[in-house]
Amino acid sequence: MATLLHLSPVFLVMSMLMVLRRPPVQAAMAGAALVALLWLVDAWMAKGTAASGAALAAARDTGVLFLSTAFVIVPGLGFVILIERMGVNQALSQWVRSLGLGPADQVVFIVLGLAPLLEAMTGFGVSLIATVPLLLSLFERRAALRMALAGMAIMPWGTLGLATVIGASLAHVDAAALAAVSSLTSAPVFLVLGALSLHLAGERGARAWLLLGGFGLLFVGVLHGISRWLGPEVAGVGAGFAVALGMLVRALLLRGTAQAAPGWPRQAWPYLALALAIVLLKLLALATQWDQRWIVQGAQVAWKPLASPGVALTLVLALLLARGAGRGVALAGALAARAKRPLLAIFFFLAMSQMMVKAGFLSGLVQLLAELAPAALAPIVAAFGALAGYMTGSNVGGNAIFMPAIALLPESSRLLLAAVHNSAAGHAALGSLSIVMLVLGLARTTAQEEGELVRFGFALACVNAAAVALAALALAGPGVF
């Protein structure tokens with residue numbers, strides 16, 4: 001009974017989001033308020049003084065985690081606003097159309113290359129601004145909308161791996177290790193969504209499947225390698241870029257020497273500048289360890305501001321402003337309008353999770369998980385992660401809800417289960433209602449199309465969670481849990 005009462009804030013959030021259809025920020029505030037109330041009642045009944053120290057620890061860790069998130073989201077949204085005003089993604093769409101690729105090549109290039117590349121660099125569904133109009137111009141409308149959603153759900157490393165970094169802090173595991181294992185637990189999702197996109201495009205021959213298999217392995221291999229050696233910040237960028245570059249080489253070979261391939265659009269230089277800044281700063285940190293000189297320490301979590309991708313985003317944003325990209329744009333007002341709601345939602349989700357951890361509210365859930373049969377652990381964690389990601393519409397918010405419970409599990413299974421949660425939450429969040437609404441807005445859909453796409457997004461979340469769970473069971477092998 002006490003466990004159900006202590007988990008009631010999670011049930012409240014779920015009910016507000018899925019039944020009452022309230023905005024995530026309202027659900028997060030209500031969940032955090034209920035946790036605080038229950039904690040006060042428990043402290044009053046116990047007549048103890050330890051609660052004040054635990055409350056201070058929860059406040060410190062919430063502050064550190066929120067600062068690490070905001071330092072990426074704020075300059076990231078500033079970058080997004082400016083490239084939207086510059087027409088960067090429209091130029092990219094026109095460039096892809098000019099490549100002259102066949103339908104199967106176009107699907108693989110967009111779903112495994114361009115969409116993950118853009119989403120990994122920016123997050124916030126920015127890749128849809130380029131891919132939705134592009135897919136609508138290349139394929140039948142119903143198939144194009146579904147492919148756009150599948151392409152989004154492929155990349156849970158959006159916003160330069162921010163959710164993975166936050167998830168690693170919450171689960172008390174190494175961020176690079178979590179990213180590397182997550183690339184393996186997500187591997188079936190990449191192939192399943194790629195195959196689904198080919199099917200929607202009507203490409204069902206052996207050549208299309210071989211193409212997907214080759215580039216799918218390239219995507220997973222690069223994602224895993226970069227995650228392991230450089231960390232999550234540049235892993236998604238590298239994987240998407242590898243597929244895009246490989247497909248461009250293929251297009252060049254297919255065109256032959258008689259016709260020159262179209263060059264990279266000049267308007268898209270901010271993406272190149274951001275990628276270069278990320279890689280150079282990462283290499284500088286590896287060579288000099290300069291990112292270790294400033295560490296913001298919480299009670300149980302720590303943040304290295306100089307290692308954050310927010311540094312690269314801030315530098316490129318300053319470069320754009322210096323070159324006049326923001327001329328005539330009320331950047332501060334636009335940034336405040338777009339950043340306020342996601343930042344508030346993430347803050348209260350983080351506060352809710354940290355209070356639940358410090359108050360011991362998750363101990364009952366951890367005990368329940370510990371009592372499960374080994375084969376049931378991965379599916380249950382995948383279901384928790386997918387539910388949290390889908391209902392919050394954010395992979396950071398999804399990790400904030402259940403990932404702290406993973407930190408309390410035995411160390412032998414913690415990394416794999418954290419990866420299961422990270423993958424499931426990320427894939428589900430990118431097929432959630434908020435992303436569906438963004439697709440619908442960009443495509444100006446009808447009420448019938450809206451209902452169909454919402455159901456399709458929910459089905460994607462379920463399929464992705466099942467694929468992640470199966471991958472975890474295969475990775476675990478006998479006796480690992």
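About 910 Å³ of space lies in the second largest pocket of this predicted model. Of the 38 residues lining that pocket, Val165, Ala175, Glu233, Lys304 and Ala307 are the closest to its centre. Two or more lining residues come from each of helix H4 (50–86), helix H9 (158–171), helix H10 (175–185), helix H14 (269–288) and strand E2 (302–303). By class, this lining has 25 nonpolar, eight polar and five charged residues.

The model is predicted, so local features need pLDDT of at least 70 and side-chain atom pairs count only at pLDDT 80 or more, while totals for chains, interfaces and linings use all residues. Residues are numbered from 1 along each chain as its sequence is written, and side-chain values use heavy atoms, with hydrogens and water left out.

**Pockets and cavity**

Pockets and cavities are found on a 1 Å grid over the protein atoms alone: a cavity is a set of points where a 1.4 Å probe fits but cannot get out, and a pocket is an open set with protein on both sides within 12 Å along at least five of seven lines. Lining residues have an atom within 4 Å of a point. Grid points are joined across faces, edges and corners, and a volume is the space filled by probe spheres set on the points. Helices (H or I, at least four residues) and strands (E, at least two) are DSSP runs, numbered from the N terminus. Ala, Val, Leu, Ile, Met, Phe, Trp, Tyr, Cys and Pro count as nonpolar, Asp, Glu, Lys and Arg as charged, and the others, Gly among them, as polar.

The largest pocket has a volume of about 1,200 Å³. Its lining is made of 43 residues, and Pro342, Thr392, Gly393, Ser394 and Ser434 lie nearest the centre. Helix H16 (residues 331–358) gives the most to this lining, with seven residues. The lining of the largest pocket divides into 26 nonpolar, 11 polar and six charged residues.

A search of the whole structure finds one cavity of 30 Å³ or more, and the volume of the largest cavity is about 30 Å³. Leu365, Leu369, Phe384, Phe402, Ala405, Ile406 and His421 line the largest cavity. Helix H17 (363–371) and helix H19 (395–406) are the elements that give two or more residues to this lining; H19 gives the most, with three. Six of the residues lining the largest cavity are nonpolar, one is polar and none is charged.

**Salt bridges**

Side chains of opposite charge can pair when their charged atoms come close. A salt bridge is a side-chain nitrogen of Lys or Arg within 4 Å of a carboxyl oxygen of Asp or Glu. By this rule the count comes to six salt bridges, among them the three in the table.

| Acidic residue | Basic residue | Closest N to O |
|---|---|---|
| Aspartate 105 | Arginine 250 | 2.5 Å |
| Glutamate 452 | Arginine 146 | 3.5 Å |
| Glutamate 233 | Lysine 282 | 3.1 Å |

In the pair of glutamate 233 and lysine 282, lysine 282 lies in helix H14 and glutamate 233 in the loop between helix H12 (206–229) and H13, 49 residues apart. Glutamate 452 forms its salt bridge with arginine 146. Glutamate 452 is in helix H22 (residues 447–476) and arginine 146 in helix H8 (residues 141–154), so this pair ties together parts that are 306 residues apart in sequence. Aspartate 105 forms its salt bridge with arginine 250. Because aspartate 105 is in helix H6 (residues 103–122) and arginine 250 in helix H13 (residues 235–255), the pair ties together parts 145 residues apart in sequence. Asp105, Arg207 and Arg250 are linked in a network of salt bridges.

Buried means under 20% relative accessible area, exposed over 50%, and partly exposed in between (1.4 Å probe, protein chains only). Aspartate 105 counts as buried at 2%, and arginine 250 as partly exposed at 23% relative accessibility. Arginine 146 is buried at 7%, and glutamate 233 is buried at 11%.

**Two buried residues**

Histidine 427 lies in helix H20 (residues 411–429) and is buried, with a relative accessible area of 1%. The side chain of histidine 427 reaches the backbone oxygen of alanine 153 at 2.7 Å. Contact means heavy atoms within 4.5 Å. Leaving aside neighbours within four places in sequence, histidine 427 is in contact with Ala153, Ile154, Pro156, Ser186, Val189, Phe190, Asn464 and Val468.

Threonine 69 lies in helix H4 and is buried, with a relative accessible area of 0%. Not counting residues up to four places away in sequence, threonine 69 touches Leu162, Ile166, Ile346, Leu350 and Val396.

Technical notes: A polar contact is a pair of N or O atoms within 3.5 Å; within protein, one must be able to donate a hydrogen and the other to accept it, and residues adjacent in sequence count only if both atoms are side-chain atoms.
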